[in-house]
Amino acid sequence: MTSIGPELLTESLSLLVYTVIAGVLTVGGALVEQASLQHLGAGEAMIALWLAALGGVMLYAGVYGLGYQKVLAKYV
């Protein structure tokens, strides 16, 4: 049986955490953007703009900030 070194375990755990957080932010951002479109269709423009901005920040953080800069750049 082989033993996993603490460095490998730490790197694997950080990769898993960054991947999960990036996924949660991306899916959450997409859902907030969808809610923004629903509020826009209902005539609530101010809430729709606020949700669109929030969804954009969540998508940016999930896809680019964590997904691209942390996960892909460091581990690929």
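The questions and answers below concern burial, contacts and annotated spans in a predicted model.

Reader: What should I know about the model before I begin?
Author: This is a predicted model, in which local features need pLDDT of at least 70 and side-chain atom pairs count only at pLDDT 80 or more, while totals for chains, interfaces and linings use all residues. Residues are numbered from 1 along each chain as its sequence is written, and side-chain values use heavy atoms, with hydrogens and water left out.

Reader: Why is Ser36 called buried or exposed?
Author: Buried means under 20% relative accessible area, exposed over 50%, and partly exposed in between, with a 1.4 Å probe and protein chains only; Ser36 has 5% relative accessibility and therefore counts as buried.

Reader: And what makes Leu16 buried or exposed?
Author: Leu16 has a relative accessible area of 52%, which is over 50%, so Leu16 is exposed.

Reader: Why is Leu25 placed in its class of accessibility?
Author: Because its relative accessibility of 23% falls between the cut-offs of 20% and 50%, Leu25 counts as partly exposed.

Reader: Which residues does Leu25 touch?
Author: With contact meaning heavy atoms within 4.5 Å, and not counting residues up to four places away in sequence, Leu25 touches Met58, Leu59, Ala61, Gly62 and Leu66. The C-alpha atoms of Leu25 and Gly62 are separated by 4.8 Å, although these residues are 37 apart along the chain.

Reader: Which residues does Ser36 touch?
Author: On that count, which again leaves out residues up to four places away in sequence, Ser36 touches Ala48, Leu51 and Ala52.
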